[in-house]
Amino acid sequence: MKYIDLNFDSIKKLDKKEFVLLPVGSIEVHGPNLPLGSDMYIAEAFTNLIGTKIKSIIMPSVPYGHADITKKIFGTINMDHDILTNYIYNIIINLINLGFERIVIINIHRDNELAIKLVVDRIFRDTSIPVLFINLYDD
């Protein structure tokens, strides 16, 4: 189920024990043949696949990421590390304020890793709620 398809009544009635999945990607250059949104598309596809396996709510993607390696290449949209960290933090804290506690961040872009780890740590310190971080680049 997609979060953006819900309305006021349906969001209030949802079982807050469902998983909430947040895909995080990047808009950056991947050479001459791949689209700028490749990371976002992969994050969304992986998140949608998870969503077919478990009862969950799929959040809209965070399309922008920290693109330190490619930031000087024409076409890349680079988010400042602190802005990205605060942006994702605010999404998660709003979900927690709505009553959701089973939140999963699915990242497909390596340069986002530090920002997301900081978010997960800060959320836990502020709320005692653990957030699962799936990083597709972990070895």
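**Exercise 1. Find out which residues proline 60 touches, leaving out those up to four places away in sequence, and work out whether proline 60 is buried, exposed or in between.**

*Solution.*
- Start with the contacts in this predicted model: proline 60 touches Tyr3, Ile4, Leu22 and Pro23.
- Now place the residue: proline 60 sits in the loop that links β2 to α3 (81-97).
- Take one partner, proline 23. Along the chain, proline 23 and proline 60 are 37 residues apart, yet their C-alpha atoms are separated by 7.3 Å.
- Last, the exposure. Buried means under 20% relative accessible area and exposed means over 50%. Proline 60 has 37%, so it counts as partly exposed.

**Exercise 2. Work out the order of the four strands in the open sheet, and explain why β2 and β4 each have one side without a neighbour.**

*Solution.*
- Read off the order: β2-β1-β3-β4, with parallel pairing.
- Look at the ends of that row. β2 (56-58) and β4 (132-135) are the edge strands, and each has a single partner strand, so one side of each has no neighbour in the sheet.
- Add the twist: on average, neighbouring strands here are turned by 25 degrees against each other, direction ignored.
- What holds such strands together? Strands of a sheet pair through backbone hydrogen bonds.
- Check the pair at one edge. β1 (residues 19-24) pairs with β2 over three bridges, in the parallel sense. Valine 20 has isoleucine 57 in β2 as its bridge partner.
- Check the other edge. β3 and β4 are also parallel, and they pair over four bridges. Here asparagine 107 has asparagine 135 in β4 as its bridge partner.

**Exercise 3. Describe how helix α4 sits against the sheet, and sort the residues of β4 into a covered and an uncovered face.**

*Solution.*
- Find the helix: α4 (residues 113-127) lies across β1, β3 (103-107) and β4.
- Get its direction: α4 runs at about 170 degrees to β4.
- Name the unit: β3, α4 and β4 together form a right-handed β-α-β unit.
- Recall a rule: in a regular strand, side chains alternate between the two faces of the sheet.
- Now sort β4. Phe133 and Asn135 belong to the covered face, while Leu132 and Ile134 belong to the uncovered one.

**Exercise 4. Say where confidence in the protein is lowest and where it is highest.**

*Solution.*
- Begin with the whole protein: the mean pLDDT is 94, and 99% of the residues reach 70 or more.
- Then go to the extremes: helix α1 (residues 8-13) is lowest, at a mean of 91, and β1 is highest, at 98.

Conventions:
Residues are numbered from 1 along each chain as its sequence is written. This is a predicted model: local features need pLDDT of at least 70, side-chain atom pairs count only at pLDDT 80 or more; totals for chains, interfaces and linings use all residues. Side-chain values use heavy atoms; hydrogens and water are left out. Two strands pair if DSSP finds at least two bridges between them. Helices (H or I, at least four residues) and strands (E, at least two) are DSSP runs, numbered from the N terminus. Axes are lines fitted to C-alpha atoms, for helices over the stretch in contact, and angles run from 0 to 180 degrees between N-to-C directions. Contact means heavy atoms within 4.5 Å. Buried means under 20% relative accessible area, exposed over 50%, partly exposed in between (1.4 Å probe, protein chains only). pLDDT is the predictor's confidence in each residue, from 0 to 100. A crossover is right-handed if, with the strands pointing away from the viewer, the path from the first strand over the helix to the second runs clockwise.
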